[in-house]
Amino acid sequence: MAQTLLALLLVNSSAKGPNLVFRWPPNPETTSRFSRPLPHEDRLELDNPWRAANHNNSPQINVEASSEAAATVAEDYQWKSPSVIRDSSRSFPRSGSLPTSAANALPEEHFFDDDELAEDPTDEYHRIFDYSTQFLAGMLCPKSSLCHQKFDLLIDNVLFIGHPVCIEDGGHWRFKREKSSSGSRGRSSVNHDSMDDIKSDTSIRVYSPTGNNESSWLHMFHFVLVLDSPDSSSSASGNMSKYFDTIYKQIAFTITAVLFQEQVFSNFVELECDALGSLEAEYIAKGEPFSAFMSQALQISSIASAMKTLFDAVKSSTMAYITLNDIPLELQLPPFLDHLLHGEEEHELDLVDHQEDDDEARLWGCDLSFGWRLPSLAPWKSLLLLEGDQELDPYINLRGPHVRPDEREHAEGLIRFLETASVTLSFSDMANLLDWDLETQIYPTVRWLVHHRRAKVVDTVHLGLKTIFTLPPEFDAPLSALSAEFKRDFPQSEIPPLPSLLASISEASSKQSDNHFFAVVVRSKELIPLYHEVVIWLLKRDMLFTLHLRIRIVATAELKARVRQAHERKLEWSRGQRHQDRVGSGLRPRDQEPAFYEVNVRRPGSALFPLSPRGVHRFSRRMPSAESESGRTNETFLVHADEDDEEAITDESDDENIAWGSPEDTLCPSLISDPGTASPLERKWLAAMSEGKDEHIARRFEQINQYFDGKSTDDEILHRAEISRRQLREVLHHYDEYLQTFLHPA
């Protein structure tokens, strides 16, 4: 809800001046604020530290003198309403305080003196927020140069936001011509977003006014949202700016765009203002109470009824379904918009980690990435369909007599999607069943349904209800009301009362085994279809959170000691081997080890390498002398010995590049925080964990251990690694001594 919303106003202006046409609620009030405490009557304010320090030797204080001195500033100490300090309506003629369309509808005896009206605080027709309605309307009707752009005005901690629009210079209502964007610089007073839906590809479409517009008395109208400006110390200035900008874009600009379009097409706004003005003049003439006028206005004016519906929906954080001149609109504000006005500690009980990074903003789009606190849009998530205030009927697009082929195709696709969607199917499963692309077809449909509050993204529920659930810290409604509703929807004797059901779920989340919903609550396969409905009922009311398995890898002290000992043995052997090679470098080749002798001494033409006739001829032409052969043999041996030394040195240098630390570091276990980017030493630990394991188990562990970072859920691991849940359990079983598993909401 927008807790700062105080009222909605419709203001217009004509040749006779500005006028407040309609507002809702009828008598809005500003929020009470903290104020300074009033001083004591004796005007003597002594603080306790001063009293304690001067308890015995305090001089006699002249109370009378202090009272007279304090009385001089008492008038400025307490805030007074502007209507008491000055009459803000004195600068306007009284005749303009009536609706301009009905100013001549009353005889002269019904015009009151402005002073009489100003002193009458009970005149609900002409006062709002302690101001004269005409004075406030004059403040909200800017000059024509300030129209067709965002408007905001702050008066006494009350903020007015809107988008005023006015008539063209020729006296006609038409769409504003769009200025050429090529080569233009700086800010323009025209909001070019309003032109996106009315300009053609090759030229700007300018709509001529209807016949009614030729004698139009309406010069300007302004749909205004009145907000209570929150304390600037309660939130960062950037959040405050986003907060008000979101309200402007989602509500003020959208309503104004539709009203402006209908005024251009059919003179709609002028006719509505004329009807409301005439009705108000009639009720004032008859002496009817203001409440009677408001009730009748809701019946004769679609703008008035739309303003009431919109206000109630915004305050209750629901979708507003309104109609303006037979044009249906669905308007809403982000459900968590008000959280920008509070500190994060006020919402720290939220169990779900809502992603706010750039990738999530890209997937959800700009309309859903701010103030919605949506879960991640991932292939392993699922969709829960909701019942809106108006039932979603995709078949309506197929029943019309003039349905375009592209509309029919989209409607049929939506029907297939809605018939397939289930909490037991992930988005990836739905894409496979529908043969749809995940990024270009599944996700856009999900975004549309979520944005219109027809569905919500949830975790996939096991088909056999073997899912582990937990309860939120608090419910959105009292438990007594939820229990009565649950009993009405599930009267079956097999289903326990709601408090007992919730107690069983809460107790199961602390168990080590048999803690899923089926083992704790259902216990019978015949009851699975019935309890599926129970789970959906709870998920729709945010009464369940799914617990996911998360995994971390722990390098035990025994493993670290074993890896270090293997390293030390290898280092010792390497040093000894190099020493032996240096000592035996002066020996003849045949005195070396057999493997070396076979590689370096056996020549073509020996018993092991018989030559062909062509080989004999080629070999005889290159046969070296005995001296050169002996020298070459010694040279070959030296080169081979040098290569062995280089390989040993390389292996040793690789190990030396590892930060082994001190031997005391192996006495305690440590956590491998991110196996996907493990250090060289951590990779040796991971490799040592697979010693003695079956080859296929070791390969699977090497494949999926990058997801054992404590952040990836089991559903994510199964999707990314493309393995089954049984294969994951198999790896967890064989590597149990090195794994730390825990349950946490997604």
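**Buried positions and salt bridges in a predicted model**

T445 is found in helix α14, which spans residues 438-451. In this predicted model, the residue has a relative accessible area of 16% and is therefore classed as buried, the limit for that class being under 20%. Leaving aside residues up to four places away in sequence, T445 touches L414, F417 and W436.

F417 is also among the residues touched by L383, a residue of strand β11 (residues 381-385). L383 is buried, with a relative accessible area of 1%. Not counting residues up to four places away in sequence, the contacts of L383 include S422, V423 and F427, together with V446 and L449. V446 and L449 fall within the range of helix α14, residues 438-451. A further group touched by L383 comprises A455, K456, V457 and V458, and these positions fall within strand β12, residues 455-459. The C-alpha atoms of L383 and L418 are 9.9 Å apart in space, with the two positions 35 residues apart in sequence numbering.

At the level of the whole chain, the model comprises 26 helices and 16 strands. Buried residues account for 42% of the 746 residues in the protein chain. The accessible surface comes to about 42400 Å², and carbon and sulfur atoms contribute 50% of that area. Of the contacts between residues at least 6 apart in sequence, 73% join residues at least 24 apart.

The average pLDDT of the protein chain is 75, and 64% of the residues score at least 70. Over residues 81-119 the pLDDT is below 50, and this stretch has 66 contacts in the model beyond near neighbours in sequence. The pLDDT is likewise below 50 over residues 587-650, where 34 contacts beyond near neighbours in sequence are present in the model.

Charged side chains were examined next. Side chains of opposite charge can pair when their charged atoms come close. The structure holds 17 salt bridges. One of them joins D245 and K150, whose closest N and O atoms are 3.6 Å apart. D245 belongs to helix α6 (residues 237-266), whereas K150 lies in the loop between α5 (133-139) and β5 (151-155), so this salt bridge ties together parts that are 95 residues apart in sequence. Both partners are partly exposed: the relative accessible area is 24% for D245 and 35% for K150. The two residues also take part, with K249, in a network of salt bridges.

K456, introduced above as a contact of L383, forms a salt bridge with D542, with 2.3 Å between the closest N and O atoms. Distant parts of the chain are linked by this pair, since K456 is in strand β12 and D542 is in the loop between α18 (528-540) and β14, 86 residues away in sequence. At 17% relative accessibility K456 counts as buried, whereas D542, with a relative accessible area of 38%, is partly exposed.

A salt bridge between two helices is formed by the side chains of R700 and E730, at an N to O distance of 3.3 Å. R700 lies in helix α24 (residues 695-704) and E730 in helix α26 (residues 725-734), so the pair ties together parts that are 30 residues apart in sequence. R700 counts as buried at 15% relative accessibility, while E730, at 30%, counts as partly exposed.

R550 presents another arrangement. This residue is found in strand β14 (residues 545-555) and is buried, yet has no salt bridge. The nearest side chain of opposite charge is that of E716, 6.6 Å away; a salt bridge requires a separation within 4 Å, and this pair therefore does not qualify. A polar atom of the R550 side chain does, however, lie 2.5 Å from the backbone oxygen of K711. K711 is also among the residues that R550 touches, not counting residues up to four places away in sequence, along with G710, S712 and T713. The other residues touched by R550 are Q740, T741, F742, H744, P745 and A746.

Terms used
Residues are numbered from 1 along each chain as its sequence is written. This is a predicted model: local features need pLDDT of at least 70, side-chain atom pairs count only at pLDDT 80 or more; totals for chains, interfaces and linings use all residues. Side-chain values use heavy atoms; hydrogens and water are left out. Helices (H or I, at least four residues) and strands (E, at least two) are DSSP runs, numbered from the N terminus. Buried means under 20% relative accessible area, exposed over 50%, partly exposed in between (1.4 Å probe, protein chains only). Contact means heavy atoms within 4.5 Å. Accessible areas come from the Shrake-Rupley method with a 1.4 Å probe; for residues, only the protein chains shown count as cover. pLDDT is the predictor's confidence in each residue, from 0 to 100. Lys and Arg count as positive and Asp and Glu as negative; His and the chain ends are not counted. A polar contact is a pair of N or O atoms within 3.5 Å; within protein, one must be able to donate a hydrogen and the other to accept it, and residues adjacent in sequence count only if both atoms are side-chain atoms.
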